[in-house]
Amino acid sequence: MEELLRDTAERATRYLAGLEDRRVAPTMDAVQRLTALAGPFPDGPADAADTLTLLDDLGSPATVASAGGRYFGFVTGGSLPAALAANWLAGAWDQNCAFAVMSPVVATLEEIALDWLRDALHLPAGCGGGFVTGATMANFTALAAARHAVLARVGWDVEADGLFGAPPVTVIVGEEVHASLVKALGLVGFGRNRVVTVPVDGQGRMRADALPPLSGPTIVCIQAGNVNTGAFDPAEEICAWAHDAGAWVHVDGAFGLWAAAAPARAHLVAGMGEADSWATDAHKWLNVPYDSGLAFVRDPEMLRAAMTLTAAYLQQGDGREASHYTPESSRRARAADIWAALRSLGRSGLADLIERTCRYATRFADGLQAAGYEILNAVELNQVLVAFGDGERTRRVIAAVQAEGTCWCGGTVWQGRTAMRISVSSWATTADDVERSLAAIIRIARAA
Ligand SMILES: Cc1ncc(COP(=O)(O)O)c(C=O)c1O
């Protein structure tokens, strides 16, 4: 075991050091060589060190270098050193975090991390929270709490009786709602299409002047950080309007909620703290290893009512039992990575991470604009949308950028326009990474 883990640490260190010089997307050749991992299920045991060697030799070259500083696809953070190290140690611990008796250390880390997160994200001091796999599951978890609350108010016990015959619940979303929230609506039984859609402006923000009249059990889903533009729905107006009618407001803040942690960006989340529930990711802007998301609910009892797990054989302590606040029972120690990330950054380090990545996004936008390309969004956060001409030309540039390998950016369609999307979300990105990537994109676009 000892030699194996030491060898693994060396391999991992070599891998990370190599990211500086390698192309971001793997070569076709590296991907094709993955077939050597296959074959029939082995009849007998294999040496652990050989197994690891095979995984590294074939697997590492076929990774996407998203742990490095020049990956700008989707919204992707890297792993902070302390978070990655904590993740390794917690892997060795192999704790089941379902109940405090199964892991006192992780039960404690969850409570501390929740306190620090509520502080960093400007959420109400007493709100409840659960550690989940990502924002999709965080949306699911918070929407289940919302479903419980709005139906309990009209005398319906949805956990006991389900949705068959329940009073109808109106669900309101913006036109630019994230696909994962729509998926979560399907999972909680509201239906992906059974929604009232509010029109948005050119940045994807719900229009406060176009909010419909409300009546009956209602859940309003708003966004902190549109995945394309980074824009925020007008939370102050929406929360006031929704709460006047007794509606529940849920915030999908997968990455945008972290703007609260940077003083110069915190104005963007104004009013978000007035909502009733929030979903966010730790594996995006907090830069902890996958998978790691968080659901918060203003009234912890609503979360507990939706998620509670009861059975005679289960150990129940007097304190917070994690399994009453998440969809899962057996879970890994996500709180260890999050605690380590927050402790190693501190308030100022977290603010710097958010601010620095936003500044790099602005540098990309300014550089591309100066080179004659069109920026389609108001760059107030970490997302940049750039068009290199018409859709066909922009798609050609995106493909060429990905193939050239200096950096990696994805494509999108923003309100009818094909665009390349640059998301700066990693602690590992340096000013030099930005300049190298910008120069490569401009060179490639000019050649296309
Ligand atoms: C606004 C928003 N919500 C939800 C998600 C889904 O996050 P995850 O992939 O962590 O489930 C994303 C991912 O980019 C997002 O940007």
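This dialogue reads selected features of a predicted model.

Visitor: How is the chain divided into domains, and where do their centres lie relative to one another?

Guide: The domain assignment gives domain 1 as residues 2-68 and domain 2 as residues 85-341. The centres of domain 1 and domain 2, taken over C-alpha atoms, are separated by 35 Å.

Visitor: Which residues have the most contacts inside the largest nonpolar core?

Guide: That core has 66 residues, and Val220, Leu286, Ile338 and Leu350 have the most contacts inside it. At least two core residues come from each of helices H4 (81-93), H5 (104-120), H9 (235-244) and H11 (334-370), and from each of strands E4 (218-223), E5 (248-252) and E7 (293-297). H11 gives the most, with ten residues.

Visitor: What does isoleucine 338 touch?

Guide: Leaving aside residues up to four places away in sequence, Ile338 touches Ala113, Leu117, Phe131, Ala282, Leu286, Val288, Ser292 and Leu294.

Visitor: How should the buried residues of a helix be read, taking H12 as the case?

Guide: In general, an α-helix has 3.6 residues a turn, so residues three or four places apart point the same way. Helix H12 (391-404) has 14 residues and reaches 20 Å from its first C-alpha to its last, close to the 20 Å expected. Its buried residues are Thr394, Val397, Ile398 and Val401. Seen down the axis of H12, the buried residues fall within an arc of 100°, so they line one face of the helix.

Visitor: What covers these buried residues of H12, and which residue follows the helix?

Guide: The cover includes strands E9 (383-387), E10 (410-414) and E11 (417-423), together with helix H13 (431-447). Glycine 405 follows H12, and the phi of this glycine is positive, near 95°.

Visitor: Which residues other than glycine have a positive phi, and are they buried or exposed?

Guide: The general idea is that most residues other than glycine have a negative phi. Histidine 122, in the loop between H5 and strand E1 (128-132), has a phi near 60°. Asparagine 287, in the loop between strand E6 (277-281) and E7, likewise has a phi near 60°. His122 is partly exposed, with a relative accessible area of 45%, whereas Asn287 is buried, at 0% relative accessibility.

Visitor: Where is there a cis peptide bond?

Guide: As a general matter, most peptide bonds are trans. A cis bond joins tyrosine 290 and aspartate 291, with omega about -10°. Asp291 has its place in the loop between E6 and E7, where Asn287 is also found.

How values were computed:
Residues are numbered from 1 along each chain as its sequence is written. This is a predicted model: local features need pLDDT of at least 70, side-chain atom pairs count only at pLDDT 80 or more; totals for chains, interfaces and linings use all residues. Side-chain values use heavy atoms; hydrogens and water are left out. A nonpolar core is a set of buried Ala, Val, Leu, Ile, Met, Phe, Trp, Tyr and Cys residues joined through side-chain atoms within 4.5 Å. Buried means under 20% relative accessible area, exposed over 50%, partly exposed in between (1.4 Å probe, protein chains only). Helices (H or I, at least four residues) and strands (E, at least two) are DSSP runs, numbered from the N terminus. Contact means heavy atoms within 4.5 Å. Domain bounds come from an automatic or database domain assignment. The expected span of a helix is 1.5 Å times one less than its number of residues. The arc is that of the directions from the helix axis to the C-beta atoms.
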